[in-house]
Amino acid sequence: MSLWRRKEPRPLTPEEQKKAELHLLFGEDITKNFPIRGGIFSTIKGEINAVDKVDFFVNKGDTLGIVGESGCGKTTLARLIMRLVEPTSGTVVFMGGDMTSYPKPLLREARKDMQMVFQDPLSALDPRMTIKNIVGEPLFVYKLARGEELTRRVLELLEIVGLKKEYLNRFPHEFSGGQRQRINVARALALKPSMLVLDEPTSALDVSVQAQVLNLLMELQRSLGLTYIFITHDLSVIFHISDRVAVMYAGKLVELASTEALFSGPEHPYTFALLSAVPVADPNAKRDRVELTGEVPNPARPPLGCRFHPRCWKRGKICFTEEPEFREIHPNHFVACHFPLGQDRKP
Ligand code: SF4
């Protein structure tokens with residue numbers, strides 16, 4: 001990154017400005033390579049390509065679900081969006097500005113509008129701090145409230161997430177998993193953000209508690225007009241909460257469509273395999289179950305051509321050598337595959 005970029009944000013190109021008017025957030029060509037170091041001098045021996053040329057957008061008030069197996073790069077993508085890790089290349093445009101070019105003070109301001117909720121509700125909370133201090137911390141750090149005003153705002157936030165005011169001076173270990181995640185949500189809402197990046201917020205919770213937290217998030221979205229990026233490996237959760245779904249595989253976005261289009265007509269063989277593995281309540285329901293064989297590829301040495309080809313039953317010769325382009329095959333339905341499934345859905 002050049003020095004001028006650290007002092008001034010990069011002005012958007014006319015094309016980017018047009019997109020920024022349409023979408024609250026969009027990313028183009030987002031890539032992250034982590035160096036592999038080794039030897040006594042810790043020299044760079046190779047690279048892990050965690051996220052590769054990802055394009056997406058999110059509209060105001062919508063929920064974009066990001067789904068994929070463990071290690072596919074979805075959490076890294078969330079961190080890149082928040083700029084908690086620096087991208088190797090690509091842009092993230094949020095509320096009309098390129099976040100990747102923001103100097104620190106501007107980034108700090110931008111983060112008021114984009115907050116994150118982490119997967120493990122307990123480790124995200126400092127065990128030595130009371131709930132009042134945890135939820136009030138962003139208000140204190142950003143100098144937005146002190147003393148009685150801070151207490152009043154914290155009580156307001158606790159009420160919004162369905163927690164009692166008596167909890168104010170308790171510590172995180174005194175709460176259940178669901179209550180802890182509510183505390184995390186309250187903290188994330190303290191600065192009145194426009195968008196929340198939710199990184200597997202329900203995966204560490206019991207199923208009944210998961211439903212409560214999901215319903216809370218949906219209720220908050222309606223009442224506060226929030227926009228969500230919701231990361232999970234659970235397709236039933238994605239179906240319940242998302243307006244659009246992005247499917248990731250080995251660092252790449254392989255399919256992006258509205259929830260309805262993706263669940264009723266997946267075009268990428270990997271999406272089809274994921275959906276075929278979702279349990280259904282009807283024991284008589286007939287399904288074309290696809291059991292994927294083989295392992296997720298090593299991100300330090302991804303396969304040539306399509307990254308999914310070692311596990312794909314639809315692969316052709318071209319899949320071994322040429323990477324498929326991420327293209328729009330139906331209106332607002334994008335897929336990276338040489339042979340999208342179309343009507344031919346049988347494995
Ligand atoms: Fe399968 Fe080829 Fe499509 Fe990759 S590009 S998913 S290998 S058919």
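The legends below describe close-up views of a predicted model, first of its two domains and then of a four-stranded sheet.

**View 1. The two assigned domains of the protein chain.** The domain assignment divides the chain into domain 1, which is made up of the segments 1-6, 20-37, 44-113, 194-206 and 219-347, and domain 2, which covers residues 122-192. Taken over C-alpha atoms, the centres of domain 1 and domain 2 are separated by 31 Å.

**View 2. The interface between domain 1 and domain 2.** Twelve residues on the side of domain 1 are in contact with eleven residues of domain 2. The size of an interface is often expressed as the accessible area that is lost when the parts come together. For domain 1 and domain 2 the buried area is about 920 Å², and 70% of it lies on carbon and sulfur atoms. Of the area that domain 1 buries against domain 2, Arg108, Lys112 and Leu220 supply 51%, which is more than any other three residues.

**View 3. Polar contacts and residue classes at the domain interface.** Between domain 1 and domain 2 the count of salt bridges is zero, whereas three residue pairs, with both residues at pLDDT 80 or more, are in polar contact across this interface. On the side of domain 1 that touches domain 2, helix 4 (104-110) and helix 8 (207-224) are the elements that give two or more residues. Sorted by class, this side of domain 1 has six nonpolar residues, one polar residue and five charged residues.

**View 4. An open sheet of four strands.** The strands follow the order 2-1-4-5 and their pairing is antiparallel. Strand 2 (43-58) and strand 5 (97-98) stand at the edges and have a single partner strand each, so one side of each is left without a neighbour in the sheet. Strands of a sheet pair through backbone hydrogen bonds, in either a parallel or an antiparallel sense.

**View 5. Strand 1 and its pairing with strand 2 and strand 4.** Strand 1, residues 25-38, pairs with strand 2 in the antiparallel sense over eleven bridges, and five bridges join strand 1 to strand 4 (residues 89-94), again with the strands running antiparallel. Leu25 has Val58 as its bridge partner in strand 2 and stands opposite Phe94 in strand 4, while Phe26 stands opposite Phe57 in strand 2.

**View 6. The hairpin of strand 1 and strand 2.** Four residues lie between the strands of this hairpin, in which Gly39 takes a positive phi near 80°.

Definitions and conventions. Residues are numbered from 1 along each chain as its sequence is written. This is a predicted model: local features need pLDDT of at least 70, side-chain atom pairs count only at pLDDT 80 or more; totals for chains, interfaces and linings use all residues. Side-chain values use heavy atoms; hydrogens and water are left out. Domain bounds come from an automatic or database domain assignment. Contact means heavy atoms within 4.5 Å. Buried area is the accessible area (1.4 Å probe) that two parts lose on being put together, summed over both. A salt bridge is a side-chain nitrogen of Lys or Arg within 4 Å of a carboxyl oxygen of Asp or Glu. A polar contact is a pair of N or O atoms within 3.5 Å; within protein, one must be able to donate a hydrogen and the other to accept it, and residues adjacent in sequence count only if both atoms are side-chain atoms. Ala, Val, Leu, Ile, Met, Phe, Trp, Tyr, Cys and Pro count as nonpolar, Asp, Glu, Lys and Arg as charged, and the others, Gly among them, as polar. Two strands pair if DSSP finds at least two bridges between them.
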